[in-house]
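Q: Could you take me through the surroundings of the ligand in this structure? I would like a close look at that one part, with the residues named.

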Amino acid sequence: MKKLAVLVILLLGVALAQQNVTVTWMTGNVGRNVDFARSMAQRYMDLNPHTIGGQQFNVTVNVIPGPESATDRLALYLQFFQVRSTEVDIFEIDVIWPGDLAEHLVDLYQFEGFREAAPAFFQSIIQNNTVDGRLVGIPYFTDAGILYYRTDLLEKYGFDGPPATWTELTEMARVIQEGERAAGNRDFWGFVWQGNAYEGLTCNVLEWFYSHNAGQFVEPAGIITVNNPNAIAALEMAAGWVGTISPTGVTGFQEEDARAIWQAGNAAFMRNWPYAFSLGQAEGSVIRGLFNVAPLPSGDVEGGRPAATLGGWQLGVGAYSLNPAVAADVALFITNYEGQLRRALELSQFPTIAAVYEDPALLESEVAWLAELLPVFLNSVARPSTISAPQYGEVSRLVFSATHDVLTGREDAETALAILELDLEAILGLPTGQP
Ligand code: GLC
């Protein structure tokens, strides 16, 4: 009897010492991101109770999907931060935002486990996420723009492999589109990409420019180079696709709009991020087994080279979170080796922990190409977020608005880039020059 009483008191004590805490994670919302986040949250909860900072916690991880567009997501985060909202604890942070958002994110290094974990991640991303010595985001997955192409159709029209240059892509897309339409598919298009006025267009434009040896809008050394002859040529090339090899509606497309046409089997080529691979290969997909991925083409100019925009997401903890230590512990768990391997296998996204690329489970899987295309990520070109922080959001808005006007025929490329140069000069106060 006495023993039982002691046991009850002991159990009660443990239960009381265990604090119940709910943390809210606003997740990405493209492809299968939300489902994956829910399953990772469940894994963390299955391991309850967690000992964090010497205390026991019984944690509920509440997953809420954020806006699909990175541009809308940034606007929403800024609203949360402005009113010091405690609603969201864990934020998914785009690779371009650490500089703009640092003041609203906690330094993860103050919590246990982060100093030990950091060396395993790609140091370039850790550096990107470190602002004034503070780690404001733990790398979750990384991204790079890639070319998807239909292997069956390339073969059918007698092409040996994916296009090496944009000129080749344009020509191949035209031939395949004409052929497929003549064969009865009126909905078929040569090339789909992201032309809506949002962050995704900035990514596409950077690839067109950099592959044409036309710089990266603002160089890391602090020179605005957006107005140059190769950039004008690259933009004119893209404007020429609209309504020819790409639907007119492409100027309203985000990632999932492009993927919808591609995955219905109605496009020869697509520019997108790696996530579209797993979805295209899923059970029941009409293009399953009929496509492959490759680096994006080079510009047909002196110094032309393939270029992929660096993308990717980090998990950051909001400065106004009521439970930052618990939120940080969840973020560390979600981004750990096992989580990254699972993400690569299930969602075909580039891990941010280098060793995962050597894991036999990855190398023997359908996504072994992630390891093959690792150089595409390693050589990817960054948007000018560090040099323009905390104004990158505004820089990108100017870039995608100006280029969108050219794609929709409202402005010619030469004028649009001349005005863009002036606008960038006005907000950044940096000198202009040639790339
Ligand atoms: C992807 C990239 C991200 C980029 C966004 C643009 O999510 O990972 O970096 O800003 O696409 O749409």
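A: Happy to! Sorted by class, the shell around the ligand has 5 charged, 3 polar and 3 nonpolar residues. Please keep in mind that this is a predicted model.

Now for the names. The charged residues around the ligand are Asp94, Asp143, Glu199, Glu255 and Arg383. The polar class is made up of Gly200, Gly311 and Gly312, because glycine is counted as polar in this scheme. Tyr198, Trp273 and Trp313 are the nonpolar members of the shell.

Some of these residues also place a polar side-chain atom by an oxygen atom of the ligand. For Asp143 that distance is 2.5 Å, and for Trp313 it is 3.0 Å. In the side chain of Arg383, an N or O atom lies 2.8 Å from a ligand oxygen. Taken on its own, the ligand has 310 Å² of accessible area, and the protein covers 92% of it.

As for where this happens, the ligand sits in the largest cavity. Two elements each give two or more residues to the shell: helix 9 (199-211) and strand 12 (310-317). Strand 12 gives the most, with 3 residues; these are Gly311, Gly312 and Trp313. From helix 9 come Glu199 and Gly200.

Stepping back to the domains, the shell draws on both domain 1 (17-142 + 311-378) and domain 2 (146-305 + 381-428), with at least three residues from each.

Note on methods:
Residues numbered from 1 in each chain as written. Predicted model: local features only at pLDDT ≥ 70, side-chain atom pairs only at ≥ 80, totals over all residues. Heavy atoms only, no water. Near = heavy atom within 4 Å. Polar contact = N/O pair within 3.5 Å; in protein donor to acceptor, adjacent residues only side chain to side chain. Areas by Shrake-Rupley, 256 points an atom, 1.4 Å probe, with all protein chains shown as cover. 1 Å grid on protein atoms, 1.4 Å probe; cavity = no way out; pocket = protein on both sides within 12 Å on 5 of 7 lines; lining within 4 Å. Sits in = over half its atoms within 2 Å of the grid points. Helix = DSSP H or I, 4+ residues; strand = E, 2+ residues; numbered from the N terminus. Domains from an automatic or database assignment.
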